[in-house]
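Reader: I've got a fold to get my head around before I go back to the bench. Could you walk me through it?

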Amino acid sequence: MNRMDPPARVPAATLLGSREPATPTPSTNRILRIGEYDLLYRLGTGGMGNVYLARRRNESGLQRLFAVKAMHAVLSADSEFANMFLDEAHIASRLHHINVVGIVDLGRFAGRLYLVMDYVEGPTLAQLLGTSTDRPPALICSILIDMLHGLQAAHSLTNESGERLELVHRDVS
């Protein structure tokens, strides 16, 4: 499939509605899409939406993996929640730090807001901590220090006038 093909092989209502498959598999014949991104797997679900592993492929065949956070359809239709999602995206797009996932794109597809982020391969902190009880303290300390550097970048973020935004991050994963 290239960018010139139709955007999806399933109706938008199936892709975006309550009948959305929990985890499409590579053997599935249909390709789910949102905007220019093929949705490969659902990585997680939260209060605002689902996060998917997605692939974007250009005309020359180059492809790259991303994480796409698609807001729940019912919340996208609510202007208060939609504005909170858009604010989060605009603030996060200002953060540029090695320990903060970068924002790549923001859009709306079939009335549903979505945010595209760099995909960071590997386990979550919760998965890493839950795998074994035999963890070197130096590894745990290194992870925590990197996480704190990322949080410091968020907490010290300023607006165009140089005033601190006084952010509080509520989703460290």
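Reader: Read along the sequence, what pattern does the chain follow?
Author: Keep in mind that this is a predicted model. The chain's secondary structure comes to five helices and six strands. Going along the sequence, these are arranged as α-β-β-β-β-α-α-β-β-α-α.

Reader: What percentage of the chain's residues count as buried?
Author: For the outside, the chain exposes about 10,900 Å², and carbon and sulfur atoms supply 55% of that. Among contacts with a separation of 6 or more, 42% are between residues 24 or more positions apart. As for burial, the chain has 173 residues, and the buried share is 28%.

Reader: Which strand gives the largest share of the largest nonpolar core?
Author: In soluble globular proteins, nonpolar side chains tend to be buried together. Here the largest nonpolar core has twelve residues, including Leu 32, Tyr 52, Phe 66 and Val 116. Two or more residues apiece come from β1, β2, β3, β4 and β6. The largest share, three residues, is from β4.

Reader: How many residues are in the other core?
Author: Start from Phe 66 in the largest core. Leaving aside neighbours within four places in sequence, Phe 66 is in contact with residues including Tyr 37, Tyr 52, Val 104, Val 116 and Tyr 119. Apart from that largest core lies another one, with Ala 67, Met 71, Ala 82 and Leu 113 among its members, and its residue count is ten.

Reader: In β3, what is the bridge partner of Leu 39?
Author: β2 and β3 run antiparallel, joined by six bridges. The two form a hairpin with three residues between them. Within this pairing, Leu 39 has as its bridge partner Ala 54.

Reader: And in the hairpin of β3 and β4, which residue takes a positive phi?
Author: β3 and β4 pair in the antiparallel sense too, over nine bridges. One of the pairs joins Arg 56 to its partner in β4, Arg 64. Between the strands of this hairpin there are five residues, and the one with a positive phi, near 95 degrees, is Gly 61.

Reader: Where do the buried residues of α3 pack?
Author: Helix α3 covers residues 79–92 and reaches 20 Å from its first C-alpha to its last, close to the 20 Å expected. Its buried residues are Ala 82, Phe 85, Ala 89 and Ala 92. Looking down the axis of α3, they fall within an arc of 100 degrees, so they line one face of the helix. On the other side, Ser 79 and Glu 80 are exposed, while the buried residues pack against β4, α2, β5 and β6.

Reader: Which exposed residues sit on the face of α5 turned away from its buried side?
Author: The 19 residues of α5 should span 27 Å at 1.5 Å a residue, which agrees with the 26 Å between its end C-alpha atoms. The buried residues of this helix are Gly 150, Leu 151, Ala 153 and Ala 154. Seen down the axis of α5, they stay within an arc of 155 degrees, so they line one face. The face turned away from them carries the exposed residues Pro 137, Ala 138 and Leu 148.

Reader: How exposed is Arg 108, as relative accessible area?
Author: Arg 108 has its place in strand β5. Not counting residues up to four places away in sequence, Arg 108 touches Ser 76, Leu 113 and Tyr 114. Its C-alpha is separated by 8.5 Å from that of Ile 34, though the two are 74 residues apart along the chain. Arg 108 counts as partly exposed because buried means under 20% and exposed means over 50%, and its value is 49%.

Reader: What is the phi of Ala 110?
Author: Most residues other than glycine have a negative phi. Ala 110 lies in the loop between β5 and β6, and it is exposed, with a relative accessible area of 57%. Its phi is a positive value, near 50 degrees.

Reader: Where does Glu 166 lie?
Author: Glu 166 also isn't a glycine, and its phi is positive, about 55 degrees. Glu 166 is exposed, with a relative accessible area of 58%. Its place is in the segment after α5.

Conventions:
Residues are numbered from 1 along each chain as its sequence is written. This is a predicted model: local features need pLDDT of at least 70, side-chain atom pairs count only at pLDDT 80 or more; totals for chains, interfaces and linings use all residues. Side-chain values use heavy atoms; hydrogens and water are left out. A nonpolar core is a set of buried Ala, Val, Leu, Ile, Met, Phe, Trp, Tyr and Cys residues joined through side-chain atoms within 4.5 Å. Buried means under 20% relative accessible area, exposed over 50%, partly exposed in between (1.4 Å probe, protein chains only). Helices (H or I, at least four residues) and strands (E, at least two) are DSSP runs, numbered from the N terminus. Contact means heavy atoms within 4.5 Å. The expected span of a helix is 1.5 Å times one less than its number of residues. The arc is that of the directions from the helix axis to the C-beta atoms. Two strands pair if DSSP finds at least two bridges between them. Accessible areas come from the Shrake-Rupley method with a 1.4 Å probe; for residues, only the protein chains shown count as cover.
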